[in-house]
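Please open the structure in a viewer and keep the sequence panel visible. The tour below proceeds by selections, each followed by what is found there.

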Amino acid sequence: MNYRAVETTDEYVARLETGADWRAEIESLADAVDADAAWFTALGAVQDAELWFYDQDECAYEPIEFDEPLEVASCVGNVSLLDGDRFAHTHVVLSGPDGNAVAGHLNEATVWAGEVHLRVFEEPLERDHDETTDLDLWL
C-alpha cells in the first residue's frame, strides 16, 4: 500500500452549469482555483450519461450509455494531474424514475443541475501508469 499524509488548503462549493459536461465542470473549477489535487463530492441530476465499467480481465473500460434523465444520488472523486492536465476521476450512483440505481466511472454526462464541494490539497498528486492494473493511479 502506498500512502502519505495530505494537508488541505481551501474548500469550495460550486453550482454546475446546466447543459455543460459534469466532469468538465469539475475540472474547470479545479483550473479556476489552481487545484492540482483535491477530493470532491457532488449531487444533482443529469440529462444523459456515459459510465465506464473496468473489465479487470481485459484491463479495458466498457462503456454503458444512458440517454435519459437521471438523478445523481451520489458522486465522489478526486482531482489530480494526468499528463500535465487536471483530471477529475469521478464515480457516480445514478437513479431513474423507478428508483433503480446504476453506478460506475463517469466518463461524461450533461448537467441538468449539480452542486459540488471541492476540498483542495496543498501538494499536487500525479497519476502514473500502474503495470498490474493497466490504470493511471495516484502516487
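## First stop: the turn at Asp83

Begin by selecting Asp83, which is found in the loop between β4 and β5. Strands (E, at least two residues) and helices (H or I, at least four residues) are DSSP runs, numbered from the N terminus. This is a predicted model, in which local features need pLDDT of at least 70 and side-chain atom pairs count only at pLDDT 80 or more, whereas totals for chains, interfaces and linings use all residues. Residues are numbered from 1 along each chain as its sequence is written, and side-chain values use heavy atoms, with hydrogens and water left out.

Asp83 has a phi near 55 degrees, a positive value in a residue other than glycine. Asp83 is exposed because its relative accessible area is 74%; the classes are buried under 20%, exposed over 50% and partly exposed in between, with a 1.4 Å probe and protein chains only.

## The strands on either side

Now select β4 (70-82) and β5 (85-95). The two form a hairpin with 2 residues between them. They run antiparallel and are joined by 11 bridges; two strands pair if DSSP finds at least two bridges between them. Within this pairing, Asn78 stands opposite His89 in β5.

Add β2 (38-55) to the selection. β2 pairs with β4 in the antiparallel sense over 8 bridges, and Phe40 stands opposite Gly77 in β4.

## The nonpolar core

Which residues have the most contacts inside the largest nonpolar core? Select Trp22, Phe40, Val46, Val79 and Leu94 to display them; the core has 26 residues. A nonpolar core is a set of buried Ala, Val, Leu, Ile, Met, Phe, Trp, Tyr and Cys residues joined through side-chain atoms within 4.5 Å. Two or more residues of this core come from each of α1 (22-32), β2, β4, β5 and β6 (101-121). In soluble globular proteins, nonpolar side chains tend to be buried together.

## An aromatic cluster

Next, select Trp52, Tyr54 and Tyr61, which form one aromatic cluster. The whole structure holds 2 aromatic pairs. Rings of Phe, Tyr and Trp (its six-membered ring) pair if their centres lie within 6.5 Å; planes under 30 degrees apart count as stacked, over 60 as edge-to-face and the rest as tilted.

How are the rings of Trp52 and Tyr61 placed, and why is the pair tilted? Their centres are 4.9 Å apart and their planes stand at 35 degrees, so the pair is tilted. The rings of Tyr54 and Tyr61 have centres 4.8 Å apart and planes at 65 degrees, so that pair is edge-to-face.

Colouring by accessibility adds to the picture. Tyr54 is buried, with a relative accessible area of 15%. Trp52 counts as partly exposed at 25%, and Tyr61 counts as partly exposed at 32%.

## The largest pocket

Keep Tyr61 selected and turn to the largest pocket, which holds about 210 Å³ of space. Of its 13 lining residues, the closest to the pocket centre are Tyr61, Phe87, His105, Leu135 and Asp136. On a 1 Å grid over the protein atoms alone, a pocket is an open set of points where a 1.4 Å probe fits, with protein on both sides within 12 Å along at least five of seven lines; lining residues have an atom within 4 Å of a point. A volume is the space filled by probe spheres set on the points, which are joined across faces, edges and corners.

The lining divides into 7 nonpolar, 3 polar and 3 charged residues. Here Ala, Val, Leu, Ile, Met, Phe, Trp, Tyr, Cys and Pro count as nonpolar, Asp, Glu, Lys and Arg as charged, and the others, Gly among them, as polar. β2, β5, β7 (127-130) and β8 (135-138) each supply at least two lining residues. The largest share, 3 residues, comes from β8.

## Last stop: the turn at Asp134

Finally, select β7 and β8, which pair in the antiparallel sense over 4 bridges. The bridge partner of Arg127 in β8 is Trp138. These strands form a hairpin with 4 residues between them, and Asp134 lies in the loop between β7 and β8. The phi of Asp134 is near 65 degrees, a positive value in a residue other than glycine. At 39% relative accessibility, Asp134 counts as partly exposed.
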